[in-house]
Each structure stands twice: as C-alpha cells, then as structure tokens.
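Here are three short exercises to try with the structure open beside you. Have a go at each task before reading its solution.

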Amino acid sequence: MVPLIFMSDRIHLSNFAGDKKERPLYMTIGNLSSKICQTPSMHSIVIVALLPIPIMNRNIPQKRLDKQWQTNREVLNEVLQRVLQPFTFEQPPSAESGYYNVLCADGNLSHWKPVLAAWLADCPEYSDLHHFKWHNCLWCDCPKNQLGDYVHRDKQHPRRDHNLYRWLTNNNTKAADTELSSRHVHRGFNLFQHIHCIVSDLPKPHLLRARQIGILDHLQKWIFHFMKTHERLDRYNAIRLSVPAYHDLRPKNKSYEDVSQRNGKEMKVMSRYMHGVVTQSL
C-alpha cells in the first residue's frame, strides 16, 4: 500500500507580461523518510501536471459569469480525471483491481496499490477542487456565520457527505439543487466524489500558520469589543493609526472596523505592535 500525497497551488510569475500565473500539481509518496523528503537532490517531489488557469472575465452579466465559472470547473475536473484515473471507481483496463507491478530500487517488481492519502493546498484551492463556495468549512456543514465559534463535542456539525453530494448532483432536480446550495456546494460533476477515500480527510492545512492567524484574529476581535465596552475605542484607533513605518511595517490609514478582510502577513505584522497599542490605550 503506497499513500500518495498531492500538492497544488497558484504561483504568481510576473507583473510585466499580463500577470502570468502557473498552477502546478506535485506528487510525493507518503512512506518516504524525512531525510529523503528534505534532500532536494533526491527529487522526492515530482510535478505531474499543470492545471488550467481560466481567464478572469470582468464587466459581463452575472448569468454569463456563472456559466463561465461552471465551464471552468468542468475543464478542471476533466484534467484531474485524467491524472487521478487510478483512484476512481472505474479502474483502467490495464489495472487489476487497482494493483500495479512496479520496478523498485532493488531491481525487483513489487505488487503495490496507490491510495490517495492527502492533498496539500490553501483554502481557496480546496474550494475550487471540491466545488465548494469560498469561505466555507471544508470538513463539516458549519454555517458561515458560526466559523471560529466554540462548539461542544455533542453539538458538533456533521461532516461533509460527498456521497450525498454525488447523489444530489445525479438527481438533477430543483430540490436537489436547492439542497446543494444550502450546503454551499456548486452543482456539477466533481471527481473527488468518485474516489475510493474519505474526501474530508484529504485537506491537510498548515496547522502552525492557521493557528497563529486564527488566534490573532480572535484576539484582535476580543480587544476591539473590550475597548468599545470601556469607551476606549477612539483612543485605541488613534494610537494604532499613529504607529510609524519601520522596515516592513506600513503606516495604517484605516481603523480596525473599516477593514473588511486581512491576510496572514498583515496579521503577523500586527502582532508586533499590538501589545504596545493596547497598553497605551488603557
């Protein structure tokens, strides 16, 4: 049994030739030692495909834009179907129940079966691969307005049922489309719903980065409500906006409540002066 790990993400190449990007798909084997994986000369990670990047259409009617997004998802699934054919329910004729004879490093043939074990990517990439709407949980049916809230173990939301999504997509009725929309899933064929694996176990996020950004986000929201409750919000915003530029610190021109979304880099930079701002505000 050989667990295969895939990695995919969009890479920004240049600003001088129309904002060119690439979307490589890498693969590695899960039972390699860490020494081999961390040695670049061993080539433990190989590129297997370049996923398509559709053109961003702007200033077109919403109906036509939705149709174009649906076409983009179909094209992406067609490419993934060619790459991940050995993992699907329909095995190729040359494979006997998914097993292959592979020549190993010792010169002998081994009878092995590939298993899709993990897929490393960021949240937008997962949403594109699994036909989820953006900014939704990848593991459970948690509503968007409850993301990040503590939920007791007895009241946790059910995990995403990709078999149900496949059945609703094949049902092709208005009620099925409404049910998919309520679960924040786009209608249409999705390859991951036809693979022998637990699809909810494939996403493997960067735990350290996710925890750091998540903790900072909750801490910043708690500080905001604390300052507002004790009538220190104006002073807090004034001191925060007065932080001067230094190296990679950029001066702020908007208060906390005027910023709708922050990226990870901004959250990490904010942690460097948060303690001083809070202390002076009190």
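**Exercise 1.** In this predicted model, find the residue whose side chain forms a salt bridge with Arg23, and place both partners in the chain.

*Solution.* Start at the side chain of Arg23, which meets that of Glu125 with an N to O distance of 3.3 Å. This counts as a salt bridge because the cut-off is 4 Å. Next, locate the partners: Arg23 sits in the loop between β3 and β4, while Glu125 belongs to helix α3. The pair therefore joins distant parts of the chain, 102 residues apart. Finally, a search of the whole structure gives 10 salt bridges.

**Exercise 2.** Describe how helices α4 and α5 pass each other, and which residues make the contact.

*Solution.* First take the axes: those of α4 (residues 162–171) and α5 (residues 174–182) come within 8 Å and cross at roughly 145°. The crossing is left-handed. Then list the contact: α4 supplies Tyr165, Leu168, Thr169 and Asn171, and α5 supplies Ala176, Glu179 and Leu180. Sorted by class, these are 4 nonpolar, 2 polar and 1 charged residues.

**Exercise 3.** Which residues make the nonpolar surface patch of about 520 Å²?

*Solution.* Collect Ile11, Leu13, Tyr26, Ile45, Ile47 and Leu50. Now map them: β2 (11–14) and β5 (46–50) each give two or more residues to the patch. Leu50, for one, lies in strand β5.

Note on methods. Residues numbered from 1 in each chain as written. Predicted model: local features only at pLDDT ≥ 70, side-chain atom pairs only at ≥ 80, totals over all residues. Heavy atoms only, no water. Patch = residues over 30% accessible without salt bridge, like charges linked within 9 Å, V, L, I, M, F, W, Y side chains within 5 Å. Areas by Shrake-Rupley, 256 points an atom, 1.4 Å probe, with all protein chains shown as cover. Helix = DSSP H or I, 4+ residues; strand = E, 2+ residues; numbered from the N terminus. Axes fitted to C-alpha atoms, helices over the stretch in contact; angles between N-to-C directions. Left-handed = near helix turned anticlockwise from the far one by under 90°. Contact = heavy atoms within 4.5 Å. Nonpolar A, V, L, I, M, F, W, Y, C, P; charged D, E, K, R; others polar.
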